[in-house]
Amino acid sequence: MAIITLTTDLGHKDFYQAALKGSILSQLPNAIIVDISHDVSAFNIPQAAFILKNAFYYFPKGTVHLIGIDSVFNEKTRYLGLSYRGHYFVGSDNGIFSLLFDEKPAEIVELNIMQDLKYLHFPLSDIFPKAVTHLAKGGKLTDIGLSVSGIEEKMTIQPVIEPDIIRGSVIYIDSFQNIITNITKEIFTTVQRNRDFTLFFKRNESISHLSWHYNEVPEGEKLCLFGISNHLEIAINKGNASGLLGLQLGDIVRIEFKS
């Protein structure tokens, strides 16, 4: 059975999401369509990349992932199909693939599917469904595009690392209002070297213990841990960490290690 995942900023209010799914099912009625997220903030490429990067590898190889972020018609933007770690990806070449992949994809093509002028401004209902259903049926990338060597590069803010300090920032706030930073477990472990630490953030708050799970502290108490994304999280057990601690996207956090 063909699996096609959707990651978009279409939301749930309008008919756009339904139009996308209907276009896919019209071409492949037995497709299994899985919504990864339609609640990405409008045009927020880094947010979409973070969500999909932490979700796609749970799916079986051969899954096709459609990315509908900043995908409205633009003469300067290419539409790509890519193969990466046994998965297929289709989306706009707007920098998202450089954030999504840790190494160069095995294959990249620029889609040359004829655009139906009726849907010129909304390729999500035309070009993208044609591409993903072709791949889901077992078709080749080279059947729907011409090979290219590069992708648009987009940079994200990286932590500042010193011998005894890591300065990071908030990159994502999930539905539970847990605060996810750009400090990975690998970066933390490399700088920590088994030393004690204190995590400082807004309102002079601090945490000096790394938890293994959210229920390790009493309800209402704050904690930090490395969650399923492998990034350092700040949370409150059964509480709204972002609202109660006043942390928002882009806010700075600092970890100091004892010398």
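The following paragraphs describe strand pairing, nonpolar cores and one buried loop residue in a predicted model.

Strand E9, which spans residues 165-173, is mostly covered, in that seven of its nine residues are buried. Three strands are paired with E9 in the antiparallel sense, and they are taken here in turn: E8, E16 and E10. Strand E8, made up of residues 160-161, is joined to E9 by two bridges, and within this pairing Ile-161 has Ile-166 of E9 as its bridge partner. The connection from E8 to E9 is a hairpin that passes through three residues. Between E9 and strand E10 (residues 179-184) there are three bridges, with Ile-173 and Ile-179 of E10 forming a partnered pair. These two strands likewise make a hairpin, here with five residues between them, and Gln-177 in the turn adopts a positive phi of about 70 degrees. The pairing of E9 with strand E16 (residues 252-257) extends over five bridges, and in it Ile-165 is found opposite Glu-256 of E16.

The nonpolar side chains of the model were examined next. The largest nonpolar core comprises 27 residues, of which Ile-67, Leu-82, Phe-89 and Phe-97 touch the most other members. At least two residues of this core are supplied by each of helix H2 (45-53), strand E4 (79-84) and helix H3 (96-100), and the largest share, six residues, is that of H2. When neighbours within four places in sequence are left aside, Leu-82 is in contact with a set of residues that includes Phe-89 and Phe-97, together with His-87, Tyr-88, Phe-101, Pro-105, Glu-107, Ile-108, Leu-141 and Ile-151. Another core, of 25 residues, lies apart from the largest one, and among its members are Leu-66, Ile-113, Ala-131 and Leu-135. In soluble globular proteins, nonpolar side chains tend to be buried together.

A further point concerns Ser-229, which is located in the loop that runs between strand E14 (222-226) and strand E15 (231-236). Is this loop residue, Ser-229, buried or exposed? Ser-229 has a relative accessible area of 10%, and because this value falls under the 20% cut-off, the residue is classed as buried. With neighbours within four places in sequence again left aside, the contacts of Ser-229 are with Phe-50, Asn-54 and Ile-180. Of these contact residues, Phe-50 falls within the range given for helix H2, 45-53, while Ile-180 falls within strand E10, residues 179-184, the strand that forms a hairpin with E9.

Note on methods
Residues numbered from 1 in each chain as written. Predicted model: local features only at pLDDT ≥ 70, side-chain atom pairs only at ≥ 80, totals over all residues. Heavy atoms only, no water. Helix = DSSP H or I, 4+ residues; strand = E, 2+ residues; numbered from the N terminus. Buried < 20%, exposed > 50% of the residue type's maximum accessible area, 1.4 Å probe, protein only. Contact = heavy atoms within 4.5 Å. Pairing = 2+ DSSP bridges. Core = buried A, V, L, I, M, F, W, Y, C linked by side-chain atoms within 4.5 Å.
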